[in-house]
Amino acid sequence: MIYYESPQVEISWNEAQQIVELRWKAFAQGVQFRTAMDKVVELAGKMNGSKVLYDNRKMSVIGQEDQAWVSQNWVKRASDIQYCAVIAPEKVVAKSSLNRIVGTIDEFPYELKFFQHREDAVNWLAEMRHKVR
């Protein structure tokens, strides 16, 4: 079920695996980027979902302001999320900005794992069980 779509991103609910899926399609910054990230949190809350798959293969560089927003603002609001599988970006500059975000976060509220292939990421998420907090 597609929950949110724009020229930059598609966010959907994978009913079979109980996973929120975000797939970047193009460069996004500012409102475009933040809206997409907020929709992930929103959908996880609505579906009582604790697993997110970020398909970042087509992601481009993430601006410094958006990097700071993720680490200082968004991560704190992602409390419903327990597991994140991240498919690495194809572009080196995108990998670099993603690594900078990860490096600035002291403690993630969820378990985070990186993958090269979507199938591996989905399989890992399928194995994860919802934790009672």
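A crossing of two helices is left-handed if the near helix is turned anticlockwise from the far one by less than a right angle, and right-handed if clockwise. The legends below describe close-up views of a predicted model.

**Figure 1. Helices α1 and α2 form a right-handed crossing.** Helix α2 covers residues 64–77, and it packs against α1 at an angle of about 15 degrees, with the two axes 11 Å apart. Angles under 35 degrees count as roughly parallel, and α1 and α2 are therefore roughly parallel to each other. On the α1 side, the contact is made by Phe33, Arg34, Met37, Asp38 and Val41. On the α2 side, Glu65, Asp66, Trp69, Val70, Trp74 and Arg77 take part. By residue class, the contact of α1 with α2 comprises six nonpolar and five charged residues, with no polar ones.

**Figure 2. Trp69 is shown within helix α2.** Buried means under 20% relative accessible area; Trp69 has a value of 11% and is therefore buried. When residues up to four places away in sequence are not counted, Trp69 touches Phe33, Arg34, Met37, Asp38, Trp74 and Arg77. Among these, Arg34 lies 35 residues from Trp69 in sequence, while the C-alpha atoms of the pair are 8.2 Å apart in space. Phe33, Arg34, Met37 and Asp38 belong to the α1 side of the contact between the two helices.

**Figure 3. Six strands make up an open sheet with mixed pairing.** The strands follow one another in the order β1-β2-β3-β4-β5-β6. At the edges stand β1, residues 2–5, and β6, residues 111–115, each of which pairs on one side only. From one strand to the next, the twist averages 15 degrees. Helix α1, residues 31–47, packs on this sheet and touches β1, β2 (9–14), β3 (19–24) and β4 (51–55). The direction of α1 makes about 165 degrees with that of β3. Helix α4, residues 118–127, also packs on the sheet, where it touches β2, β3, β4, β5 and β6. Between the direction of α4 and that of β5 the angle is about 175 degrees.

**Figure 4. The edge strands β1 and β6 are each shown with a paired strand.** Strands β1 and β2 run antiparallel and are joined by three bridges. Within this pair, Glu5 has Glu10 of β2 as its bridge partner. The connection from β1 to β2 is a hairpin of three residues. Strand β5, residues 83–87, and β6 run parallel, with five bridges joining them. Here Ile87 is matched by Phe115, its bridge partner in β6.

**Figure 5. Leu125 is viewed in its place in helix α4.** The relative accessible area of Leu125 is 0%, so the residue is buried. Apart from neighbours within four places in sequence, Leu125 is in contact with Ile19, Lys51, Val52, Leu53, Tyr83 and Ala85. Val41 lies 84 residues from Leu125 along the chain, and their C-alpha atoms are separated by 17 Å. Val41 is one of the α1 residues that contact α2.

**Figure 6. Ser60 lies in the loop that runs between β4 and α2.** With a relative accessible area of 16%, Ser60 is buried. Its contacts, leaving aside neighbours within four places in sequence, are Phe27, Lys91, Ala94 and Ser97.

**Figure 7. Gln18 and Asn48 are two loop residues with positive phi values.** Gln18 belongs to the loop between β2 and β3. The phi of Gln18 is near 60 degrees, a positive value in a residue other than glycine. The relative accessibility of Gln18 is 37%, so this residue counts as partly exposed. Asn48 occupies the loop between α1 and β4. Although Asn48 is not a glycine, its phi is positive, at about 55 degrees. Residues over 50% are classed as exposed, and Asn48, at 65% relative accessibility, therefore counts as exposed.

How values were computed: Residues are numbered from 1 along each chain as its sequence is written. This is a predicted model: local features need pLDDT of at least 70, side-chain atom pairs count only at pLDDT 80 or more; totals for chains, interfaces and linings use all residues. Side-chain values use heavy atoms; hydrogens and water are left out. Two strands pair if DSSP finds at least two bridges between them. Helices (H or I, at least four residues) and strands (E, at least two) are DSSP runs, numbered from the N terminus. Axes are lines fitted to C-alpha atoms, for helices over the stretch in contact, and angles run from 0 to 180 degrees between N-to-C directions. Contact means heavy atoms within 4.5 Å. Buried means under 20% relative accessible area, exposed over 50%, partly exposed in between (1.4 Å probe, protein chains only). Angles under 35 degrees count as roughly parallel, over 145 as roughly antiparallel, 65 to 115 as roughly perpendicular and the rest as oblique. Ala, Val, Leu, Ile, Met, Phe, Trp, Tyr, Cys and Pro count as nonpolar, Asp, Glu, Lys and Arg as charged, and the others, Gly among them, as polar.
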